[in-house]
Amino acid sequence: MDLRQMQYFLCLAETRHMTRAARQLNIVQPALSMQIARLETEFGQKLFDRGAHGVTPTMAGETLARLVSPILRDLEHAVQEMARLNGRISGRVVVGLLTSVAQSTLASSTAKVAARFPDVQLSACEAYTDTLLEWVASGQLDLAFINVPRKKPSLNASHVLDEDMVFACRRGATLSVPRDLMIEHLTRYDLVLPSRRHGLRNVLEEHAAEAGITLNPRLEIDTLPAICDVIATTELVTVLPTIALQQALAAEKVQAHRFRDRPMTRSIAVVHHPRRAMSAAAMAIVEIIRQDVIAAASSASQYVNTPEDVPDAPRSRSMQSDITAVDVGEARRSRKRAKPTP
């Protein structure tokens, strides 16, 4: 198995389509088919199942992809480092992102990479923290931005930022938010939260356990923009990081409040494999995304109410009328007493 065959095999495993893979490799389809057939003969294993709409890696194919991917990454890294000696940053970088990070920064970050580093090819994907950790460990990703799990990962990790998790509801909602908002108050509301597959839910569960409460959401949705849409149009509430709420907050569709007693935070870190050094291109991309994440969190935080911003709970209408009548009567009597004697 030579380098060219590795590249052909991985390209087909990623695209899962002969025609698209051949086009991407700039070869004719029969040549690609012949190389894959040679590999299958060499290993004595069927690597792909052929179907009407493409190909699917078999178990043997998935195993080979997992083993070959780090080898190609190391070779690409060597080429990039040699190019860097000439002052040129180039190469392919595969990055994994949390959904909350991707939706708030991916567009701006990729535009900056394209403008500043025209010789760098960036490939980005979204996934849960556990999946991203697995893909970095197996060499399918060069690096990933993750929610820091309670259990320390076996990867090299660099801290990016600590971000507030905030209470959010529809702007103008009839529900009342206590001035001294505490985590324990979440039991009063109908919640929509990510499922337990989601890293953010794990963060919430840890804080809830420390507060001695159990979270029983009415809805579980793993797509964060969908959660924002739900709370913007219903009386349901949520707890999410500020950057996940950024667009809804800026559009004044939702309002957000900080917790007073125990601030709820999640930590974001960037991870890479300890045995594979980050290339110059990867480090440049990390810095761009890191700056954009910090800027997005800072921008979103300006829309969040602190406890001092929350007004006292409104009195009932009848109570307000009684108080107003007494206040008016007292004001009239005060003016009569203050009237000078002729």
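Which residues have the most contacts inside the largest nonpolar core? Keep that question in mind while you look over the whole chain, which is a predicted model and which holds 11 helices and 12 strands.

**The whole protein**

Begin with everything shown, and note that buried residues make up 45% of the 342 residues in the protein. The accessible surface comes to about 18,400 Å², and 51% of that area belongs to carbon and sulfur atoms. If you display contacts between residues at least 6 apart in sequence, 76% of them join residues that are at least 24 apart.

**The largest nonpolar core**

Now select Phe167, Leu186, Leu215, Leu240, Leu245 and Phe259, which are the residues with the most contacts inside the largest nonpolar core, a set of 41 residues. Several elements each supply at least two residues of this core, including β6, β7, α7 (199-211) and α8 (224-233), and the largest share, 6 residues, comes from α8. In soluble globular proteins, nonpolar side chains tend to be buried together.

Stay with Leu215 for a moment and show what surrounds its side chain and backbone: leaving aside neighbours within four places in sequence, Leu215 is in contact with Leu186, Leu191, Leu193, Arg201, Leu204, Glu205 and Ala208. Apart from the largest core lies another one, of 37 residues, and Val93, Ala127, Ala144 and Val286 are among its members.

**Strand β3 and its partners**

Select residues 91-97 next, which form strand β3, a mostly covered strand in which 5 of the 7 residues are buried. Strand β4 (residues 120-126) runs parallel to β3 and is joined to it by 7 bridges, and you can find one place in this pairing by looking at Gly91, which stands opposite Val120. If you follow the chain from β3 through α5 to β4, you trace a β-α-β crossover that is right-handed.

Strand β5 (residues 143-147) also runs parallel to β3, joined to it by 3 bridges, and here the bridge partner of Gly96 is Ala144.

**Val101 in helix α5**

Move to helix α5 (residues 99-116) and pick out Val101. Is Val101 buried or exposed? Its relative accessible area is 0%, so Val101 is buried. Not counting residues up to four places away in sequence, Val101 touches Leu106, Ile243, Ile268 and Val293. You can also draw a distance line from the C-alpha atom of Val101 to that of Asp292, where the separation is 9.2 Å although the two residues lie 191 residues apart along the chain.

**Helix α1**

Select residues 3-15 to see helix α1, whose 13 residues reach 18 Å from the first C-alpha to the last, close to the 18 Å expected at 1.5 Å a residue. Colour its buried residues, which include Gln5, Met6, Tyr8, Phe9 and Leu10. An α-helix has 3.6 residues a turn, so residues three or four places apart point the same way. Just after α1 comes Arg16, whose phi is positive, near 60°.

**His185 in a loop**

For the last stop, select His185, which is placed in the loop between β6 (156-170) and β7 (192-193). Why does His185 count as buried? The cut-off for a buried residue is under 20% relative accessible area, and His185 counts as buried because its relative accessibility is 8%. Show Pro178 and Asp180 as well, since His185 touches both of them, not counting residues up to four places away in sequence.

How values were computed. Residues numbered from 1 in each chain as written. Predicted model: local features only at pLDDT ≥ 70, side-chain atom pairs only at ≥ 80, totals over all residues. Heavy atoms only, no water. Helix = DSSP H or I, 4+ residues; strand = E, 2+ residues; numbered from the N terminus. Buried < 20%, exposed > 50% of the residue type's maximum accessible area, 1.4 Å probe, protein only. Contact = heavy atoms within 4.5 Å. Expected span 1.5 Å × (residues − 1). Pairing = 2+ DSSP bridges. Right-handed = clockwise from strand over helix to strand, strands pointing away. Areas by Shrake-Rupley, 256 points an atom, 1.4 Å probe, with all protein chains shown as cover. Core = buried A, V, L, I, M, F, W, Y, C linked by side-chain atoms within 4.5 Å.
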